[in-house]
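Trainee: Could we go through this structure together, taking its pockets, sheets and cores in turn?

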Amino acid sequence: MAPENTAGPRHVDTVIGASGRPGRSPGASVNVPVELTSTYAADGAVNYARVGNPTWNAFESALGELEGGLALVHASGMGAISAALSLVAPGGTVVAPDQTYNGTGDLLMAFERAGGTVVRFHATDTAGFVSALEGADLLWLESPTNPLMDIIDLQRVLARSRDLGVTSVVDNTLPTPLLSRPLELGADVVVHSVTKYLSGHSDVVLGATVVADTERGRAIGERLQRHRTLHGAIAGPLEVYLALRGLRTLAVRFERACSNAALLAERLAGHPAVGRVRYPGSGAMLAIEVGHDDAAAERLCAATHVWLHSTSLGGVESQLERRRRHPSESTSVPVNLVRLSVGIEHVEDLWCDLEQALDAV
Ligand SMILES: Cc1ncc(COP(=O)(O)O)c(C=O)c1O
């Protein structure tokens, strides 16, 4: 049997390529199989496929290594967010940004309607977050925020919540573990829409939660796993296989997408049809304010040929959308804001397409 390669530094690109593989016994396949089963012969470690699946385990160990913790795969990002929000009891208090991904915002409003309290601050109001944590039950963070691209001081806010023992959750979908590792800053739970960068090819809808490999983290992880099993929002093994296959190329995809985004942010800032460019300085997402009204922003989205007018992000293909077309989007998002998810195409093709579409606005 070939020895496990433990030599040399474990760079993140190497971790992504190597983790979640079957062992290296002679004749072993290089990938885990898609285990299509609903149940297992009795007396094994797992008795039913709503509880666990070997294809899930491979993805979970790869993502766990990337985030530095223990991962669980969920049926969607919203499934992961619902599981994480179940950590706060009905009637409890949540501290959150005043603008988050709109699905999270909707769930927080439902939590309030059911008698809970949500205390909200602007993403950059670090003092507000820090002062509100005493007596709170759960801290919810997302940085950059989607779609305003505001940055939260995760380090300071998470340090305070850790000191007070407040359960903290960070949606790490936009930065990915390549740019941010919230568990290292003291977060209790990281959530992902795996649908986006981690799988990266716009062909699956999946989510994940990750907790620290500590006594506290494992206890939280057991609650999340129980929620997944009982509420039944579980992932199909084929989707998880595809997500793991996509994850293998995360580092190269993300590097290209981020460098494309940096150049486009610079050029967009010089275009007369563009007002404000919201680019956090890293990552592959940006948002622009186009012309003076929603019609100008819609005209831009309708006029591109390379960019796909669609509502997702994080795929290899560049996508754009005026976010306020969704009635549930926060009113703090300008009506003429177009969110850009920059893909891995040639940056000059992306710019040419945007430029001709902006000229038509
Ligand atoms: C930041 C963020 N979190 C969570 C979600 C929800 O994920 P899913 O669509 O996989 O349920 C999204 C979806 O756009 C998102 O952008």
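Trainee: Which helix gives the largest share of the lining of the second largest pocket?

Mentor: This is a predicted model, in which local features need pLDDT of at least 70 and side-chain atom pairs count only at pLDDT 80 or more, while totals for chains, interfaces and linings use all residues. Residues are numbered from 1 along each chain as its sequence is written, and side-chain values use heavy atoms, with hydrogens and water left out. A pocket is, on a 1 Å grid over the protein atoms alone, an open set of points where a 1.4 Å probe fits, with protein on both sides within 12 Å along at least five of seven lines, and its lining residues have an atom within 4 Å of a point. The largest share of that lining, three residues, comes from helix H3 (residues 77-85), helices being DSSP runs of H or I with at least four residues and strands being runs of E with at least two, numbered from the N terminus.

Trainee: What is the volume of the second largest pocket, and how do the residues of its lining divide?

Mentor: The lining has 23 residues, and those nearest the pocket's centre are Tyr101, Asn146, Ser193, Lys196 and Leu313. With Ala, Val, Leu, Ile, Met, Phe, Trp, Tyr, Cys and Pro counted as nonpolar, Asp, Glu, Lys and Arg as charged, and the others, Gly among them, as polar, the lining divides into eight nonpolar, ten polar and five charged residues. A volume is the space filled by probe spheres set on the grid points, which are joined across faces, edges and corners, and for this pocket that comes to about 340 Å³.

Trainee: How many cavities of 30 Å³ or more does a search of the whole structure find?

Mentor: A cavity is a set of grid points where the 1.4 Å probe fits but cannot get out. The largest cavity holds about 40 Å³ of space, and its lining consists of Tyr197, Arg253, Ala257, Gly314, Gly315, Val316, Val342 and Ile344. At the cut-off of 30 Å³ or more, the number found is one.

Trainee: Why is strand S5 largely enclosed by the rest of the structure?

Mentor: On one side of S5 Thr167, Val169 and Asp171 are buried, and on the other Ser168 and Val170 are buried too, where buried means under 20% relative accessible area with a 1.4 Å probe and protein chains only. Strand S5 (residues 167-171) is therefore largely enclosed, the number of its residues that are buried being five of the five.

Trainee: Which residue stands opposite Asp171?

Mentor: Two strands pair if DSSP finds at least two bridges between them, and strand S4 (residues 138-142) pairs with S5 in the parallel sense over five bridges. On its other listed pairing, S5 runs parallel to strand S6 (residues 189-193) and is joined to it by three bridges. The residue opposite Asp171 is Glu142.

Trainee: Which helix supplies the largest share of the largest nonpolar core?

Mentor: A nonpolar core is a set of buried Ala, Val, Leu, Ile, Met, Phe, Trp, Tyr and Cys residues joined through side-chain atoms within 4.5 Å. The largest has 38 residues, of which Phe59, Leu206, Leu247 and Leu250 touch the most other members. Its largest share, six residues, comes from H2.

Trainee: Which strands are the edges of the open sheet of five strands?

Mentor: The order is S8-S9-S12-S11-S10, with mixed pairing, and S8 runs antiparallel to S9 over three bridges. Each edge strand pairs on one side only, and the two are strand S8 (274-278) and strand S10 (308-309).

Key. Buried < 20%, exposed > 50% of the residue type's maximum accessible area, 1.4 Å probe, protein only.
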